[in-house]
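This report examines how a protein chain is arranged, with attention to one helix and its surroundings. Please consult the sequence and the structure below while reading.

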Amino acid sequence: MKKKLTRKYMSIFVSSVVLIVSIWILLSYVFIFGGKEAKVNEPQYLVNRFEQYVNFDDKVKITNQGKEIIKNNSFWVQIIDKNGNVLDAYNTNKKIPTRYDVFKITKVSMNSNAIKNQTLFVSHFTEHTSYGVIIGCDSSRVGKYNIKITRSIKEAIITSILLLIVVFVIIGILAGFIYSKSISEPVLNIIDNINSLEKDEELIIVDRKSIYSQVYDSIKKLKIRLNDAKSERFKVEKEREKWISNISHDLKTPLTTIKGYAEIMADQDYEVSLEEQTKFAEIIKRNVDVIEGLVKDLNLSRLLKEGKVLMKKEQIDVCSLLKECCNDTDIKYRDRIIPYFEDKQIFINADKNYIRRVFTNIICNAFIHNSDDVEVFVNCYEKDDVIVEISDNGKGMNKEEIENIFFRYYRGKSSKEIDGSGLGMAISYEIIKAHNGRIEIESAKKQGTKFIIYLKK
């Protein structure tokens, strides 16, 4: 992996170097050897195009337009024939020759200072080949120099360019290696840490303030979340084992009773009277009902969790239903239920039987899990939602119990000595959730407990 990453980044860097060198050579050729076209008002440009500003009809004369261009640019101009005679001139001074021989023409065309402080440009006309033009200007404005390039100088230039390319490529390769190494090491460290996450090993984070810092932060957060999930999974597994043990105990107790009475009734050596048969049958049926209820609770808990319970929703009066639940409570608890809501009607769209189960479960739990003198207070009112409050002045719950009370596999300390599946609150939570509502708990040790149920109107 490290070699592949190194090759990849080096190839990218070397390609970039080659591209840069190629562009450098191209630009060097264009600017050094290609030359630049002069502006139209420069003498070296104008001399090759001045034929258009000369009139050849009767007598060779410079046109007014040509004179204006010469004057505006502070040049001077002479029109000569093939013998070097000046046929017409403009803006010249006394220092400028009025006739040229072949040697003079050669001299002024080759040297910048053939005429002192003057730079001359010489050209013949294209169409009127018997004539030519000389344009001059002050040498401080334009200079003309002849450079002779020998074979050795050419070779030196080529060699220097080749050396530049070689050095540049070598530096590029070294820089590419360093760059790729600086990139590949964090990537490899990230890969190692991902493998560590998979194997549940400790992370080795290399703190680098680079583009990978966010990746490192994400890996750290992921590790924390995985550890939390692992702890939660362990906790769930532990609670599930306890729950299975409790369920096994809850099933074993009625099954033992059923088995015992069934063995008595099946024993041929024991004469069972009709009265005893009836009594034993009632006990067996009662314990079968316990097992059946437990199985139904288990199945209902699963279906609610999976969202597969079909709710038969209708318009129901919450206050009326809450009164019914209070009146249906065991007679020994009934006088300790204190209603706080007025005789009014508040309607919601819900499954009456399931909502009844929630109210009844919470009210009964308040009495079962507290002392014999506990009082339960019920209230019902509406704001944005319909709110049902069921509270008690009992012993309250600690933080752990509050956080886990709706967990299917959890049984609080006060529930351990009480018969039951421990699924009641989990089922209540799922029923309210299936009605798009929610349950909140306010409780503290020795300060009682309040369940606040929010239901949609």
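## A residue in a loop

Between which helix and which strand does the loop that holds S74 lie? In this predicted model, S74 sits in the loop that joins helix 3 (64-72) and strand 3 (76-81). Its phi is near 60°, which is a positive value in a residue other than glycine. Most residues other than glycine have a negative phi. S74 has a relative accessible area of 55%, and it therefore counts as exposed, the cut-off being over 50%.

## The protein as a whole

The protein contains 12 helices and 13 strands. Of its 457 residues, 35% count as buried. The accessible surface comes to about 29700 Å², and carbon and sulfur atoms provide 54% of it.

Contacts can also be sorted by the separation of the two residues along the chain. Among contacts in the protein with a separation of 6 or more, 61% are between residues 24 or more positions apart.

## Helix 12 and its neighbours

Helix 12 spans residues 424-434, and its buried residues are M425, A426, I427, S428, E430, I431 and I432. What do these buried residues pack against? Their partners are two helices, helix 7 (274-306) and helix 10 (352-368), and two strands, strand 12 (438-443) and strand 13 (449-455).

## Two helix packings

Two packed helices are described by the angle between their axes and the distance between the axes. For helix 10 and helix 12, the angle is about 140° and the axes are 9 Å apart. Helix 10 passes helix 12 in a left-handed crossing. On the side of helix 10, the contact is formed by Y354, I355, R357, V358, N361, I362 and N365, while helix 12 contributes G424, M425, I427, S428, I431 and I432. These residues divide into eight nonpolar, four polar and one charged.

Helix 7 packs with helix 12 at an angle of about 35°, with the axes 9 Å apart. Here too the crossing is left-handed. Helix 7 supplies D297, L300, S301, L304 and K305 to this contact, and helix 12 supplies I427, E430 and I431. By class, the contact has four nonpolar, one polar and three charged residues.

## After helix 12

The chain continues from helix 12 into a loop that leads to strand 12, and H435 is located in this loop. Is H435 buried or exposed? Its relative accessible area is 6%, so H435 counts as buried, for which the cut-off is under 20%. H435 touches M311, K313, N349, A350, D351, I355 and K456, leaving aside residues up to four places away in sequence. One of these residues, I355, also takes part in the contact of helix 10 with helix 12. In addition, a polar atom of the H435 side chain lies 2.8 Å from the backbone oxygen of I431.

N436 also comes just after helix 12, and it takes a positive phi of about 60°.

## The loop between strands 12 and 13

Further along, K446 lies in the loop between strand 12 and strand 13. K446 is not a glycine, yet it has a positive phi of about 65°. What is the relative accessible area of K446? The value is 78%, so K446 is exposed, given the cut-off of over 50%. S74, described at the start, is likewise a residue other than glycine with a positive phi, and its place is also in a loop.

How values were computed
Residues numbered from 1 in each chain as written. Predicted model: local features only at pLDDT ≥ 70, side-chain atom pairs only at ≥ 80, totals over all residues. Heavy atoms only, no water. Buried < 20%, exposed > 50% of the residue type's maximum accessible area, 1.4 Å probe, protein only. Helix = DSSP H or I, 4+ residues; strand = E, 2+ residues; numbered from the N terminus. Contact = heavy atoms within 4.5 Å. Axes fitted to C-alpha atoms, helices over the stretch in contact; angles between N-to-C directions. Left-handed = near helix turned anticlockwise from the far one by under 90°. Nonpolar A, V, L, I, M, F, W, Y, C, P; charged D, E, K, R; others polar. Polar contact = N/O pair within 3.5 Å; in protein donor to acceptor, adjacent residues only side chain to side chain. Areas by Shrake-Rupley, 256 points an atom, 1.4 Å probe, with all protein chains shown as cover.
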